[in-house]
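Open your viewer, have the selection tool ready, and let's take a short walk through this protein together.

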Amino acid sequence: MLTKVVRTEIRREAWKNLKRKYYLNILITFIVSIIIAGGYQFATQSNGSEIDINVLKSEDYFLINGFGGKSTNSSNAMIVQQFVRNVFGIKDVPNPDEVSYTSTDYYGGVASIFVNEMTGSQSFIFGIVNGLNQLIFKGKIANSIIIFIFSIISIFIFVFVKNVIVVGNNRYFLEQRRYHETGPGELLFPYKNKRLKNISLVMFLRYIFQLLWNLTIVGGIIKHYEYLLIPYIIAENPQTNWKDAFKISKQLMMGEKWRTFVLDVSLFPWTILSSVTYNLSSLFFSDAYVQCVKAELYMRIRNAKHEQLALGLRKWLNDDMLAIEHIEEREHPSGEEVLDIPQLHIRSIAEDYNRKYSFVSLVELFFTYSLVGWLWEVFYYIVSTGMVVNRGTMHGPWLPIYGCGGILIILLLKPLRDKPVWLFIGATTVCGVVEYTTAWALETFLHKKWWDYTGYFLNIHGRVCFEGLLVFGMAGMAFTYVFSPMLDDLYQKMGMKSRKILCAVLIILFLADLVWSVISPNTGAGITM
């Protein structure tokens, strides 16, 4: 089917489609490349052209070309890590003492490792693996909570954004070849219908299967072309189940794999041109042109073999408006503007989180959270350094910044308790203000720093940072919906008289410690800097 004449026609038609909406096609390709691959690298490094966004190149390149490198005495994990770094030009995370604060890389905290690795490797999988390797080799076991949080976020972004936006991109290029008024909104095609979960599942399974087949090297190349049309099939009909999507792609590509490979080879000169133009040729022409070629390739194969498919498979390829021969001066009706975003029903939580807390309960919660914060800081430092230090400005076993944050969340954010997303944002804001203000006050009046986030990802004057605020936001939700109601129920079993005596004793001890700490604040190694 894909004869030499047809391949020439595909390239010619793709050229026409590119010119018809040149600026928008370039913009769409650029936006998608930023979302999926981290954008373009200019100046001193060239990373190739023709970003085939239907394939994650980093993993394919690594698995097809195999392992390599000189013999060392390093562990297997370190050898793999070093090979990956050499292939993708990933730099080691620098020593904080040797890095200028104006460095473009972050070097503090767990987030910095993942940000540096994922932006450096241009790869979801290797970014996570290398980040974990950095943490494991450095022995930062205490960061496991942050690792878990960022891993979940990364996986979510990969499954529901990066993988899915490929389908939106394909939908745009399928429509723009025949509909003059096709707009950039088609990038959100997967989110504009109620099939986001199905699209995410199909694309994720395609990624996993391709990754596993790549281990066989030759099988990986064959499966790359066998699975090539899956994102276009889902872009045509997002209801297609994953088994049928794989079957359709396999049958459509039967007998066409080699000819498609030849078509890819004919596009290779654009890669060479990109390498000598610092990716400028790919930015302003070839990447968008390749997308037009791929869309035209799918429609040619789809139209030629549509009737050869079994009825059960043919029913999925039912958007015949994409297959019209003429160009329409209108926009293709591509679905309802409904975002398929799952909603969190917070009322499913058993605890009475909307309760009103008494003054005694608030005092008890303040000291509980202050104690928990102190225990966490002490434990963290023990695991990180092997040293036992009394963290915080005060001498007693409490860190009032944790208690203040918890109480402010309870009091100020009560109207947001039925809106978990807004509660998270509010908790993050409240804790950020408390932490920043406290750090400023300590530096201004006591002339010392009890914490410093300089070099951390998205920090503000070293007083607050992104990963810290993320943890505070999640902790605020846990305080509101789980721990505060649970602790309040526990305290109420003690009897009011006993609770009042306990609160009075704690307040007296706290005030005495506060006066002492103002006169002689808790300082020293592992505490101040």
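The stops below cover aromatic rings, charges over rings, a surface patch and the cysteines. Keep in mind as you go that this is a predicted model.

**Stop 1: aromatic pairs**

With rings counted as a pair when their centres lie within 6.5 Å, the model holds 25 aromatic pairs. Start by selecting Phe209 and Trp242, whose ring centres are 6.1 Å apart, with 55 degrees between the planes. That angle is neither under 30 nor over 60 degrees, so the pair counts as tilted. Now show the helices around these rings: Phe209 belongs to helix α8 (residues 196-213), while Trp242 belongs to helix α11 (residues 242-253). The contact therefore ties together parts that are 33 residues apart in sequence. Turn on the surface and you will find Phe209 partly exposed, at 25% relative accessibility, and Trp242 also partly exposed, at 29%.

Next, select Phe366 and Phe510. Here the ring centres are 5.7 Å apart and the planes meet at 90 degrees, so this pair is edge-to-face. Phe366 sits in helix α16 (residues 359-385) and Phe510 in helix α20, which makes this a link between distant parts of the chain, 144 residues apart. Are these two rings buried or exposed? Both Phe366 and Phe510 are buried.

For a larger selection, pick Trp15, Trp270, Phe285 and Tyr289 together; ring pairs join these residues into a cluster.

**Stop 2: charges over rings**

Select Arg171 and Phe189. Arg171 lies over the face of the Phe189 ring, 4.6 Å from the ring centre. Then move to Tyr436, where the charged end of Arg463 sits over the ring at 5.1 Å from its centre.

**Stop 3: a nonpolar patch on helix α20**

Which residues form a nonpolar patch on the surface? Select Ile507, Leu511, Leu514 and Val518, which together have about 330 Å² of accessible area. Zoom in on Val518, a residue of helix α20 (residues 496-519). Val518 counts as exposed because its relative accessibility is 59%, and the cut-off for exposed is over 50%. Helix α20 also carries Phe510, a buried residue, so try showing Phe510 and Val518 together to see a buried and an exposed side chain on this helix.

**Stop 4: the cysteines**

How many disulfides does a search of the whole structure find? The count is zero. To finish, select Cys431, which is buried with a relative accessible area of 10%, and then Cys465, which is buried at 2%.

Key. Residues are numbered from 1 along each chain as its sequence is written. This is a predicted model: local features need pLDDT of at least 70, side-chain atom pairs count only at pLDDT 80 or more; totals for chains, interfaces and linings use all residues. Side-chain values use heavy atoms; hydrogens and water are left out. Patches are made of residues with over 30% relative accessible area and no salt bridge: like charges are joined within 9 Å, nonpolar side chains (Val, Leu, Ile, Met, Phe, Trp, Tyr) within 5 Å. Accessible areas come from the Shrake-Rupley method with a 1.4 Å probe; for residues, only the protein chains shown count as cover. A salt bridge is a side-chain nitrogen of Lys or Arg within 4 Å of a carboxyl oxygen of Asp or Glu. Helices (H or I, at least four residues) and strands (E, at least two) are DSSP runs, numbered from the N terminus. Buried means under 20% relative accessible area, exposed over 50%, partly exposed in between (1.4 Å probe, protein chains only). Rings of Phe, Tyr and Trp (its six-membered ring) pair if their centres lie within 6.5 Å; planes under 30 degrees apart count as stacked, over 60 as edge-to-face and the rest as tilted. A charge sits over a ring if NZ of Lys or CZ of Arg is within 6 Å of the ring centre and within 35 degrees of the ring normal. A disulfide is a pair of cysteine sulfur atoms within 2.5 Å.
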